[in-house]
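Let's take a walk through this model together, looking at strands first and charges afterwards.

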Amino acid sequence: MTEKDQPKSSINLLKGWPNPCLLPVAQINAASASALSNPNVSTPGLLYGPDPGYWPLREGIATWLSRFYDKHLKASIYAERICITGGASQSLASILQVFSDPVYTRFIWMVSPTYFRVCPIFEDNAFAGRLRSVPEDDEGIDVDFLGKRLQDEDQNALGDEASRNDSPTHRPHNGHHEVPSNGNTRDTLKGLQRWRKAYRHVIYAVPTFSNPSSRTMTLRRRQELVQIARQYDALVITDDVYDQLQWLSKHIAKPSTYDDPSPSLRQALLPRLVDIDRWFQGGAERHGADGFGNVVSNGSFSKLAAPGVRCGWAEGSESFILGLSKCGSSASGGAPSQMTSTFMAQLLSSGELEKHIYTTLQPAYARRYNSMISAIERYLLPLEVTLPQSDRDVVGGYFLWLKLPKPLVAEAVAQRAEAEENLIIGQGPLFAVYGDERKDLERQVRICFSWEAEENLSEGIQRLATVIRKMLRDPPSPTDTTASGPSLPVGGY
């Protein structure tokens, strides 16, 4: 067999994991050794933890976040605003258990395209059939669309309730509430204690370097989203897991500066929505508000240290964090990740985590991102492939979101790429909100620069360009694709 006939090695631009070479193995080893060798740390670490989590880690996270978001804060973040979680996904499930209700909460509103693995979490909490998509533009979530839909759905719910009350045959069903298809105005199914509430709507977003679209929501949109949430009694749940993974874009930075990031990249580009909710127009504890606030921030060490540590945090108002800590699973077994929390507290207090972010992750991801962008500019842009927010000075995250030229569709391109080039990419419909009938994702693909070996990234883009060039020359008919729809990848994020 000649070299030309050799099968191409697989390149996976779908998998949203950190490359193993970027894991802080030595630092975690040192932190764990320090924690386990000190009985004052190891004993509480190996026992059941307090419901809100390991106090030194709560303090460490609050201090670290206060530094990172400093220029957007009117006062420092304090530990009582922090609850330790098992990571962003586990935290989302706990938030829904405490602060949503399958009867009272009407809909889940999700920015589209979305991180597809959150849809089952919402469905597990009895919201199957009630997930609603909200489109993005270059400023992020389309707040005009969201506001109109929220207004319409609330009016529909009020109309349905009036019709039911006027009906002589309306009866409760065995004492339980029926869940109407378009909302309700009735009482909650769950019992409510003073430390919890049910929100009428839930909104899910990744505001900074979004997965999958890579977009960053503007400050104006963030403020407008907080206003809408307050108006319609909505809880905004944000995954703020990529904020620290930022660097200067290719047209600003020179390759020689990647290993010496600007000091400005050690602070956040924008305030989080939870910061805006804390202060904007009187804040979460303004006159007439209940003190719970309308935003909770999900944070995680998965992207900053390692996914296997299964440790993260939620930040919100004191009332919200108290309620979250009283989730049944936490009250039963204590906060999740108690032992790992002692390791992460050590990483923070020693400064090793921040050092890893600023001297390893930011430079490595800057090189990877800009290598891929250079390849896109050389091989894909001439084929009329486009990407959003291409003029940003500061970029980040794990992903890039590409729009294919007409008449190509993502499913067919992904199939051809895997079959002919041994290249795996994320096809747009995979990132649709469950039940969404809009077709605007059919020409979109997501590619990831965090997992593959750095030297494979440009090669992967060249392979994708080869497939697109062939398909533009000889466009497939609609019947050429055999798959019934996108399948969920194993280990894909």
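The report below covers strand pairing, salt bridges and surface charge in a predicted model.

## Strand β2 and its partner

Strand β2 spans residues 82–85, and both of its faces are covered. I82 and I84 lie on one side, C83 and T85 on the other, and all of these residues are buried.

The partner to look at here is strand β10, made of residues 312–315, which runs antiparallel to β2 and is joined to it by four bridges. Within this pair, I84 stands opposite W313 of β10.

## A three-stranded open sheet

Further along you will find an open sheet of three strands, in the order β12-β15-β14 and with antiparallel pairing. Its edge strands are β12 (399–403) and β14 (426–427), each of which pairs on one side only.

Two bridges connect β14 with strand β15 (residues 444–448), again in the antiparallel sense. If you would like a residue pair to find on screen, Q427 has V445 in β15 as its bridge partner.

## Salt bridges across the chain

The model has 23 salt bridges. One of them pairs E354 with R67, with the closest N and O atoms 2.5 Å apart. This contact links distant parts of the chain: E354 belongs to helix α12 (residues 352–380) and R67 to helix α3 (residues 55–68), 287 residues apart. E354 is buried, because its relative accessible area of 14% is under 20%. R67, at 42% relative accessibility, counts as partly exposed.

D290 and K197 form another salt bridge, with a closest N and O separation of 2.9 Å. Here the partners are 93 residues apart and both sit in loops: D290 between α8 (273–279) and β9 (295–300), K197 between α6 (143–166) and β6 (201–205). D290 is partly exposed at 45% relative accessibility, while K197 is buried at 13%.

## Helix-to-helix contact and a network

K470 and E420 also meet through their side chains, in a salt bridge of 3.7 Å from N to O. K470 lies in helix α14 (residues 457–473) and E420 in helix α13 (residues 410–421), 50 residues apart. K470 is partly exposed at 32% relative accessibility, and E420 is partly exposed at 34%.

There is a network to explore as well: D137, E139, R220, R221 and E224 are joined by salt bridges that share partners.

## A negative surface patch

To finish, turn to the surface, where E59, E80, E285 and E318 form a negative patch. E318 is part of helix α9 (residues 318–325), and its 39% relative accessibility makes it partly exposed.

Definitions and conventions
Residues numbered from 1 in each chain as written. Predicted model: local features only at pLDDT ≥ 70, side-chain atom pairs only at ≥ 80, totals over all residues. Heavy atoms only, no water. Patch = residues over 30% accessible without salt bridge, like charges linked within 9 Å, V, L, I, M, F, W, Y side chains within 5 Å. Areas by Shrake-Rupley, 256 points an atom, 1.4 Å probe, with all protein chains shown as cover. Salt bridge = Lys/Arg side-chain N within 4 Å of Asp/Glu carboxyl O. Lys, Arg positive; Asp, Glu negative; His and termini not counted. Charge placed at Lys NZ, Arg CZ, Asp CG, Glu CD. Buried < 20%, exposed > 50% of the residue type's maximum accessible area, 1.4 Å probe, protein only. Pairing = 2+ DSSP bridges.
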